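Please go through the model shown below with attention to its packing, its charged side chains and its aromatic rings. The report starts from a single residue and widens from there.

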Amino acid sequence: MQRDMELIRKILFVIEDKYVDTWLGSNDIQIDGYDMKTVGYHCAILHDVGLVSDYKGQYGDNELQFFGVGRLTWDGHELLDKIKSDTVWNKTKDTINKKGIPFVLDAVKEIATAITTAMIQSAITGL
């Protein structure tokens with residue numbers, strides 16, 4: 001299965017919005033246009049890179065039947081804060097596509113940070 005950065009962003013939004021003090025199950029993280037297996041896979045890889053605190057999958061007949069995730073980690077919140085703005089997200093994607101940069105997590109973080117920094121500097125000089 002290929003990684004989908006749009007879906008990753010959507011999952012981070014859902015976890016931030018819905019997590020209180022318990023697990024979020026696959027029923028809590030339903031995203032239009034994506035099946036449970038795809039969402040579960042992306043939650044698992046978010047855990048692999050330390051953006052969510054925990055992930056557990058329940059399998060039957062060699063298929064994912066249910067999954068649950070924990071809260072966003074500090075790094076998960078940091079990434080989401082960088083890509084939360086649609087303006088920053090769209091500029092990040094455009095830069096990646098125009099420059100032929102691989103759509104990987106490190107590139108997203110660095111480009112989103114650079115775009116945000118430029119926006120802040122512009123706002124400061126405009127005061």
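In which helix is Arg 9 found? Arg 9 is found in helix H1, where helices (H or I, at least four residues) and strands (E, at least two) are DSSP runs numbered from the N terminus. The model is a predicted one, in which local features need pLDDT of at least 70 and side-chain atom pairs count only at pLDDT 80 or more, while totals for chains, interfaces and linings use all residues. Residues are numbered from 1 along each chain as its sequence is written, and side-chain values use heavy atoms, with hydrogens and water left out.

**Arg 9 and its surroundings**

With a relative accessible area of 9%, Arg 9 is buried, a term that stands for under 20% relative accessible area, against over 50% for exposed and the range in between for partly exposed (1.4 Å probe, protein chains only). When neighbours within four places in sequence are left aside, Arg 9 is in contact with Leu 80, Ile 83, Lys 84, Ser 85, Asp 86 and Trp 89, contact being heavy atoms within 4.5 Å.

Two of these partners, Leu 80 and Ile 83, are also among the buried residues of helix H3 (residues 74-83), together with Gly 76 and Leu 79. Seen down the axis of H3, the buried residues fall within an arc of 95°, so they line one face of the helix; the arc is taken over the directions from the helix axis to the C-beta atoms. As background, an α-helix has 3.6 residues a turn, so residues three or four places apart point the same way. The buried residues of H3 pack against helix H1 (5-18), helix H4 (86-99) and helix H5 (105-125).

**Salt bridges**

A salt bridge is counted when a side-chain nitrogen of Lys or Arg lies within 4 Å of a carboxyl oxygen of Asp or Glu, and a search of the whole structure finds five of them. Three are listed here.

| Pair | Closest N to O |
|---|---|
| Glu 6 and Lys 93 | 2.5 Å |
| Asp 86 and Arg 9 | 2.8 Å |
| Asp 54 and Lys 56 | 3.7 Å |

The salt bridge between Glu 6 and Lys 93 links distant parts of the chain, with Glu 6 in helix H1 and Lys 93 in helix H4, 87 residues apart. Glu 6 is partly exposed at a relative accessible area of 26%, whereas Lys 93 is buried at 18%. The salt bridge of Asp 86 with Arg 9 likewise links distant parts of the chain, from Asp 86 in helix H4 to Arg 9 in helix H1, 77 residues apart. In the pair of Asp 54 and Lys 56, Asp 54 is partly exposed, with a relative accessible area of 23%. Salt bridges that share partners also join Glu 16, Asp 81 and Lys 84 into one network.

**Aromatic pairs**

Rings of Phe, Tyr and Trp (its six-membered ring) pair if their centres lie within 6.5 Å, with planes under 30 degrees apart counted as stacked, over 60 as edge-to-face and the rest as tilted; by this rule there are two aromatic pairs. Tyr 55 and Phe 67 form a stacked pair, 6.1 Å centre to centre with 25° between the planes. Tyr 55 lies in strand E2 (residues 55-60) and Phe 67 in strand E3 (residues 63-69), so the pair ties together parts that are twelve residues apart in sequence. Tyr 55 counts as buried at 15% relative accessibility, as does Phe 67 at 0%.

The rings of Trp 89 and Phe 103 have centres 6.1 Å apart and planes at 35°, so this pair is tilted. Trp 89 belongs to helix H4 and Phe 103 to the loop between H4 and H5, 14 residues apart. Trp 89 is buried, with a relative accessible area of 2%, whereas Phe 103 is partly exposed at 29%.
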